[in-house]
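Colleague: I'm new to this one and would like to start small. Please pick a single part and take me through it closely.

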Amino acid sequence: MLRMQNLSKVYRTHMIETHALRGFEIHVKQGEFVTVTGPSGSGKTSFLNIAGLLEEFTAGEYILDGINVKGMDDNARSKLRNEKLGFIFQGFNLIPDLSLFDNVDVPLRYRGFNAAERKERIEDALAKVGLASRMKHYPAELSGGQQQRVAIARALAGTPKLLLADEPTGNLDTQMARGVMELLEEINAQGTTILMVTHDPELATRSQRNVHIIDGQVSDLVRKSPTLAA
Ligand SMILES: Nc1ncnc2c1ncn2[C@@H]1O[C@H](COP(=O)(O)OP(=O)(O)OP(=O)(O)O)[C@@H](O)[C@H]1O
């Protein structure tokens with residue numbers, strides 16, 4: 001599903017170079033649920049943003065679902081992103097003035113589905129996350145856990161092959177975090193590949209595979225022993 005080889009990412013600001021990723025190697029197979037851990041500043045978000053085609057990398061190779069993304073122009077990247085990827089963020093990123101239905105509709109409009117198709121996808125996605133009865137509600141009327149479920153529905157409605165989640169439980173209490181993790185596990189069991197950055201050791205250890213990043217590189221030592229990964 002995703003393969004990066006000898007990938008590097010260098011940020012250049014005010015004459016300072018920051019090497020966020022260096023010699024970065026990863027291979028994620030279709031259907032895997034991979035958690036990504038590592039100290040603050042180790043490169044987790046850079047990795048996820050590059051994987052999600054939100055940021056460019058400096059050197060190396062990145063193959064996404066068999067497609068070499070190196071040198072791709074912005075339009076081709078956006079198209080690939082819309083077709084294959086779904087995103088979940090720590091802050092939910094819902095639009096407060098839109099109902100849950102309309103929030104889930106936003107990315108579908110970009111995809112060019114007709115109204116009937118969109119309605120079916122939105123209703124299915126909200127049903128999957130247990131919020132079908134709240135379609136007309138607004139984000140502020142929901143708990144944090146429910147808002148994250150809407151964000152998951154929004155990501156799922158486009159039937160992505162790969163779901164990228166950056167600290168999706170970071171703003172939730174333990175109970176709600178477990179609920180969101182269970183939902184992600186169900187989604188994964190239905191075939192969606194998931195890459196999830198987390199600081200939560202409990203969530204990292206219960207995933208199929210944990211990748212630990214240190215100083216912009218995958219740490220081999222910890223990767224073989226997920227229980228040490230947090
Ligand atoms: N836009 C940017 N410009 C300059 N440097 C950046 C930028 N984004 C990230 N960095 C630097 O790249 C390195 C990796 O950052 P990144 O956000 O990927 O780490 P992280 O592991 O996600 O950290 P955290 O857990 O604190 O969110 C850090 O040294 C950071 O300061």
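Modeller: Two strands count as paired if DSSP finds at least two bridges between them, and strands (E, at least two residues) and helices (H or I, at least four) are DSSP runs numbered from the N terminus. This is a predicted model, where local features need pLDDT of at least 70, side-chain atom pairs count only at pLDDT 80 or more, and totals for chains, interfaces and linings use all residues. Residues are numbered from 1 along each chain as its sequence is written.

Let's look at strand 8, which covers residues 193-197. It belongs to an open sheet of 6 strands, in the order 6-7-8-3-9-10, with mixed pairing. At the edges stand strand 6 (85-89) and strand 10 (217-218), each with a single partner strand, so one side of each has no neighbour in the sheet.

Strand 8, by contrast, sits between strands 7 and 3 in that order. On one side, strand 7 (residues 162-166) pairs with strand 8 in the parallel sense over 5 bridges, and L162 has T193 as its bridge partner. On the other, strand 3 (residues 33-37) also runs parallel to strand 8, over 4 bridges; here F33 is matched with I194. Go one strand further and you see strand 3 joined to strand 9 (residues 209-214), again parallel and again by 4 bridges, with T35 facing N210 as its bridge partner.

Now for the cover. In strand 8, 5 of 5 residues are buried (20 or more other C-beta atoms within 10 Å of a residue's own, with C-beta atoms placed from the backbone; 12 or fewer is exposed, in between partly exposed). T193, L195 and V197 lie on one face and I194 and M196 on the other, so to speak, and both faces are covered.

How does the chain get here from strand 7? It goes through helix 6 (residues 174-189), and this β-α-β crossover is right-handed (clockwise from first strand over helix to second, with the strands pointing away from the viewer).

Helix 6 is worth a glance too. Its buried residues are A177, V180, M181, L183, L184 and I187. Seen down the axis, they fall within an arc of 160° (taken from the directions from the axis to the C-beta atoms), so they line one face of the helix. An α-helix has 3.6 residues a turn, so residues three or four places apart point the same way. On the other side of helix 6, T174, Q175, E182, E186 and A189 are exposed.
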